[in-house]
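Please open the structure in your viewer and keep the selection tool at hand. The stops below are given in the order in which they may be selected.

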Amino acid sequence: MPQRSVVRPQLTRESVLQAALQLADRDGIEALTMRALAEQLGVEAMSIYYHLPNKDAILDGLVEVVFAEIDHEVGGFAPPPATDASSWAPALRERILGARSVQLRHPWLPNVMNARGASGPNAMRHVDGVVGIMRAGGMSHDLIHHSLHAIGSRMYGYVQELSDDGAAPAPLELEHLAALAPHLAAMLAEVVHDDPESTLGWCDDQTEFEFGLDLLLEGLERRRAAQPN
């Protein structure tokens, strides 16, 4: 009896990255290993290396895939055609919140970007669109440069926190903290973050993100209006 040949799926770079995206979204970025990815694809791990040579290449590719989603979410990276001095801030706010809505679908992404950056073509086009919106609003290149530093990771839709705030402090932790930092402990005892679906970190929920973004945009508008003609 003739032996049946096993039909293996035909791999492409895109199919590998889509499988990696599904795995990371489902199980978390820590679960993304070459072995797990090969199992997801139904192939031997060595087959993946032809398209993406290592895990770093996969992570960089995932960042690009997500920025392609952002491109679609915001209707293209080019500035809106009617952007001017009166509309640049709302246009930029909408662009950044669009990026955030995609980030929330892939909550592992901020940690990858913090570790590896976002230097691919799609991410660069996103930044170019942000610069274009500011420029169309009448900002000088010098002010735009300062603005990008001020906005920081908010430009990509998340806040890079320096502290490990993945969960609210437990009551016992607050009790211990009160002896060292009573004002901080009192504040934390009152602060409530109760919208887990909008969260990319305990202090990076939608309310806090938009509060900080609006403060920045209001301040930048004052600087834009005060520029010498």
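The tour begins with the whole chain and then proceeds to individual helices, residue pairs and single residues.

**Before selecting**

This is a predicted model, in which local features need pLDDT of at least 70 and side-chain atom pairs count only at pLDDT 80 or more, while totals for chains, interfaces and linings use all residues. Residues are numbered from 1 along each chain as its sequence is written, and side-chain values use heavy atoms, with hydrogens and water left out.

**Stop 1: the whole chain**

Select the chain in cartoon view. It holds 11 helices and 0 strands; helices (H or I, at least four residues) and strands (E, at least two) are DSSP runs, numbered from the N terminus. Of the 229 residues, 40% are buried, where buried means under 20% relative accessible area, exposed over 50%, and partly exposed in between (1.4 Å probe, protein chains only).

Switch to a surface view next. The accessible surface comes to about 13400 Å², and carbon and sulfur atoms account for 55% of this area. Accessible areas come from the Shrake-Rupley method with a 1.4 Å probe; for residues, only the protein chains shown count as cover.

Contact means heavy atoms within 4.5 Å. Among contacts between residues at least 6 apart in sequence, 74% join residues at least 24 apart.

**Stop 2: helix 11**

Select residues 206–225. Helix 11 has 20 residues and reaches 28 Å from its first C-alpha to its last, close to the 28 Å expected at 1.5 Å a residue; the expected span is 1.5 Å times one less than the number of residues.

Which residues of helix 11 are buried? They are Gln-206, Phe-209, Gly-212, Leu-213, Leu-216, Leu-217, Leu-220 and Arg-224. These residues lie on the same side of helix 11 because they cover an arc of only 140 degrees around the axis, the arc being that of the directions from the helix axis to the C-beta atoms. An α-helix has 3.6 residues a turn, so residues three or four places apart point the same way.

Now colour the face turned away from the buried side: it carries the exposed residues Thr-207, Phe-211, Arg-222 and Ala-225. Then display helix 5 and helix 8 (141–151), against which the buried residues of helix 11 pack.

**Stop 3: salt bridges**

A salt bridge is a side-chain nitrogen of Lys or Arg within 4 Å of a carboxyl oxygen of Asp or Glu. By this rule the count comes to 9 salt bridges.

- Select Arg-93 and Glu-210, whose side chains form a salt bridge at 2.8 Å, N to O. This pair links helix 5 to helix 11 across 117 residues of sequence. Arg-93 is partly exposed at 26% relative accessibility, and Glu-210 is partly exposed at 25%.
- Select Arg-105 and Glu-73, which meet in a salt bridge at 3.5 Å, N to O. Arg-105 belongs to helix 5 and Glu-73 to helix 4, 32 residues apart.
- Select Asp-60 and Arg-116, joined by a salt bridge at 2.7 Å, N to O. Asp-60 is in helix 4 (residues 55–73) and Arg-116 in helix 6 (residues 109–116), 56 residues apart. Add Asp-56 to the selection: salt bridges that share partners join Asp-56, Asp-60 and Arg-116 into one network.

**Stop 4: Arg-95**

Return to helix 5 (residues 88–105) and select Arg-95. Which side chain of opposite charge is nearest to Arg-95? It is Asp-71, 7.4 Å away, and Arg-95 is buried yet has no salt bridge. For charge, Lys and Arg count as positive and Asp and Glu as negative; His and the chain ends are not counted. Beyond its neighbours within four places in sequence, Arg-95 is in contact with residues including Phe-77, Pro-79, His-126 and Ile-133.

**Stop 5: two loop residues**

Select Ser-153, in the loop between helix 8 and helix 9 (171–180). Ser-153 is buried, with a relative accessible area of 16%. Apart from neighbours within four places in sequence, Ser-153 is in contact with Tyr-158, Val-159 and Gln-160.

Finally, select Asn-54, in the loop between helix 3 (45–49) and helix 4. Asn-54 is partly exposed, at 36% relative accessibility. Asn-54 touches Met-34 and Tyr-49, residues up to four places away in sequence not being counted. A distance label between the C-alpha atoms of Asn-54 and Thr-33, 21 residues apart along the chain, should read 9.8 Å.
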